[in-house]
Amino acid sequence: MPTRKERTVSPATTKPDTRPTRDGAAREGAPSRGPGPAPRKARLRVRLRRDRALLLMTLPALLLVLVFHYVPVLGNVVAFQDYDPYLGENGFTAMLESPWTGLANFERIFSDSAFWQAVENTLVLFLLQLVLFFPVPIVLALLINSVVRPRVRAVAQAVLYLPHFFSWVLVVTVFQQIFGGAGIIAQTLRERGIEGFDLMTDPGIFKFLVTAEGVWKDAGWGIIVFLAALSAVSQDLYEAAAMDGAGRWRRMWHVTLPALRPVIALLLVLRVGDALTVGFEQLLLQRDAVGPDAAEVLDTYVWWNGIRNQDFGYAAAAGLVKGVVGLGLVLAANKAAHLMGEQGVYKK
Amino acid sequence: MTRSPLRGWAAPPRPVWEEEPRKAGLAAKGIVLTGACLAVLFPLWIVIVTSLSSRRAITEAGGLVVIPKDLTLVAYEELLSGGQVQRAALVSVGVTVVGTLFSMAVSVLCAYGLSRPGSTGHRWVLMTLLATMFFGAGLIPTYLLVQALGLTDTYLALILPSAVSVFNILVLRAFFMNISQELIDSARIDGAGDFRILWRIVMPLSRAVLAVIALFYAVGYWSAWFNASIYLTDQDMMPLQNVMIQIVQKQEPPTGLGQMIRTNQLSPLAVQMAVMVLALVPVAVASPFVQRHFKKGMLTGAVKG
């Protein structure tokens, strides 16, 4: 078996070299007189053969992403149709049979006041979360970072991370048990003769409630990234600042906060890019309790029209509008980050 | 000097340049942190205590119970003695276990396949995956696709559409790329192929990050309710979260227990809270075990991309 062993070993050992061309060209018997067209073809074949195990490994994930992410993108054609699921045996044939309507669905959307209400709710919620949610993890991280006792830190972190792992169903229900009409606060007030306390069904404060739920669930989790950035700050910087006479607060201002700057910029970019997606599951769960005027956002609007009312073409068009604007926001936010000299989501 | 029993709770020595904290500052810090922790724990406390309370204790308290008294397991016994909730819990456990194993297998393979520098086509595959982080296909087309594939009313509809998380793959990949190349080379010289290297060398070295990612996937499957709500019509197939919506949010008693509640043998509130506890226990138990690895995992994923 020495020959077989040799065959499997020799191309493999050249792998970390990242220059399989040499090996490949030599194999095909091409002398080293530069890259001609024929050896290049051979090179690819040899490289594919060499990396077939690695390629095979990526295949399942790639297939799943192609099927469940890229194929549906093509399915957005129903936005330009009067899609009728009963025209074909399955979704695909129905898509082929459905009549084309051009931009009729989009015209309907833009003249629908409920759609604009959903847009408004989405943006208001986004701004609220930006102002009331975004700074909380930063402050908490600074606080925990200033705790020197390791055990106290570990316990606080464990407790604060916990709600991130609860489902939205659970979080919404927990809030109901506290602030709802049958909740613990209403119960206590009733004993003191005050009736009718129910924050869960009050459209006026609903958006604050939703933000509070978000803070409860994910603010603790948001700490992690900031703590990681803080642990990377060199102690020498603090020492040098202290030598120069900087007190506790000055050290925070001139050493700690600048260290957080790139992370804050990155998360801001991600947030702005995601502005149109505000708590789909969370709002869907509470939509019935407060009514669509207060709780409808773009995602729930699509769900309501498409899944519930089976108006697929119309809902797909609304989803497409959201998707396109969302993509624009991500790219714009990232561009802004680059202009500010930060790295953003991807490198330039 | 004897070792203090408070090791870990006591403060380590400060660097010489750092000033002693002020009493007021310490107190304020303590109050804020305790308050934040209580804000998380108090609601859970109420839920757990109420689920364990007898019907009499709940009536006396006029609803939710804060101070435990007259504890009983009757709500759990009834819920787990067959019937809707027990079946839903089994469905959830099944979907979570199968889904997590499947997701991990696919993700680990893909992450390793993309982690070897200079391998053919890995840049293309990576771009294909990365691009999905910038755009979503939209709810309606995805729904129509799942329908066209004939997955509606099968458990596959709860697993396949959300089986791969590109973010998780990136975290794994970043970790795999940090494993020393010499180690992999020496295994290769000994005749190991890529699959064997992954199984025998890379995976044992990455236990921490594997645990974190597995927890992320498991929590995802355990918490999911939306896919079930749109892809399943058979009530008997519903996972626990969906049954919880029905029981707690819509205030319908679980099927089979309505009689016991009407005849006042069982408090509906205790039943509702017990369902919630069943839903939260697995994640609350699992997450502290992997907690110390979170930071590493999140950092490699979020910052290095």
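**Entry 1: B:L52**

I looked up the exposure of B:L52 in this predicted model. At 22% relative accessibility B:L52 counts as partly exposed, because buried requires under 20%. I placed B:L52 in helix 1 of chain B, which covers residues 23-52. I then listed the contacts of B:L52, leaving aside neighbours within four places in sequence, and got B:D70, B:L71, B:T72, B:L73 and B:Y76. I also took a C-alpha separation: B:L52 and B:P204 are 152 residues apart along the chain, and their C-alpha atoms are separated by 42 Å.

**Entry 2: B:D70 and B:D153**

B:D70 had come up as a contact of B:L52, and I checked its backbone. Phi of B:D70 is near 60°, a positive value in a residue other than glycine. I noted it because most residues other than glycine have a negative phi. B:D70 is in the loop between helix 2 (55-61) and helix 3 (74-79) of chain B. With 35% relative accessibility, B:D70 is partly exposed.

I found a positive phi at B:D153 too, near 65°. B:D153 is located in the loop between helix 6 and helix 7 (156-159) of chain B. Its relative accessible area is 33%, so I filed B:D153 as partly exposed.

**Entry 3: B:L269**

Is B:L269 buried or exposed? I read a relative accessible area of 19% for B:L269, so it counts as buried, the cut-off being under 20%. B:L269 belongs to helix 15 of chain B, residues 268-304. Not counting residues up to four places away in sequence, B:L269 touches B:T50, B:I58, B:G63 and B:L64. I set B:L269 against B:D153 as well: the two are 116 residues apart along the chain, and their C-alpha atoms are separated by 31 Å.

**Entry 4: B:G121**

I located B:G121 in the loop between helix 4 and helix 5 of chain B. At 29% relative accessibility, B:G121 is partly exposed. From B:G121 to B:F294 I get 31 Å between C-alpha atoms, with the two positions 173 residues apart along the chain.

**Entry 5: helix 11 of chain B**

Helix 11 of chain B runs over residues 207-223 and has 17 residues. I compared its end-to-end reach with the expected span: 24 Å from first C-alpha to last, close to the 24 Å expected at 1.5 Å a residue. The helix is mostly covered, with 12 of its 17 residues buried. Among the buried residues I noted B:V209, B:L210, B:V212, B:I213, B:F216, B:Y221 and B:W222.

**Entry 6: chain A overall**

I turned to chain A and counted its elements: 18 helices and 0 strands. Of the 348 residues in chain A, 45% are buried. I also checked how far its contacts reach along the sequence. Among contacts between residues at least 6 apart in chain A, 64% join residues at least 24 apart.

**Entry 7: helix 4 of chain A**

Helix 4 of chain A spans residues 52-75, 24 residues in total, and reaches 32 Å from its first C-alpha to its last. That is close to the 34 Å expected at 1.5 Å a residue. Where is the kink in helix 4 of chain A? I found a kink of about 35° at A:L59, shortly before the proline A:P60.

The buried residues of helix 4 of chain A include A:M57, A:T58, A:A61, A:L62, A:V65 and A:F68. I looked up what the buried residues of this helix pack against. In chain A the partner is helix 5 (91-97). In chain B the partners are helix 4 (84-113), helix 5 (122-131), helix 6 (139-148), helix 8 (166-177) and helix 10 (194-205).

**Entry 8: A:Q81**

I found A:Q81 in the loop between helix 4 and helix 5 of chain A. Its relative accessibility is 0%, so A:Q81 counts as buried. Apart from neighbours within four places in sequence, A:Q81 is in contact with A:M95, A:S98, A:P99, A:W100, A:T101, A:N105 and A:G313.

**Entry 9: helices 13 and 14 of chain A**

At what angle do helix 13 (residues 235-243) and helix 14 (residues 248-273) of chain A pack? I get about 145°, with the axes 10 Å apart. The crossing of these two helices is right-handed. Helix 13 of chain A contributes A:L237, A:Y238, A:A241 and A:A242 to the contact, and helix 14 of chain A contributes A:R251, A:V255 and A:T256. Sorted by class, I have 5 nonpolar, 1 polar and 1 charged residues in this contact.

Technical notes:
Residues numbered from 1 in each chain as written. Chains lettered and ligands numbered in written order. Predicted model: local features only at pLDDT ≥ 70, side-chain atom pairs only at ≥ 80, totals over all residues. Heavy atoms only, no water. Helix = DSSP H or I, 4+ residues; strand = E, 2+ residues; numbered from the N terminus. Expected span 1.5 Å × (residues − 1). Bend = angle between axes of the 7 residues up to and from the residue. Buried < 20%, exposed > 50% of the residue type's maximum accessible area, 1.4 Å probe, protein only. Contact = heavy atoms within 4.5 Å. Axes fitted to C-alpha atoms, helices over the stretch in contact; angles between N-to-C directions. Left-handed = near helix turned anticlockwise from the far one by under 90°. Nonpolar A, V, L, I, M, F, W, Y, C, P; charged D, E, K, R; others polar.
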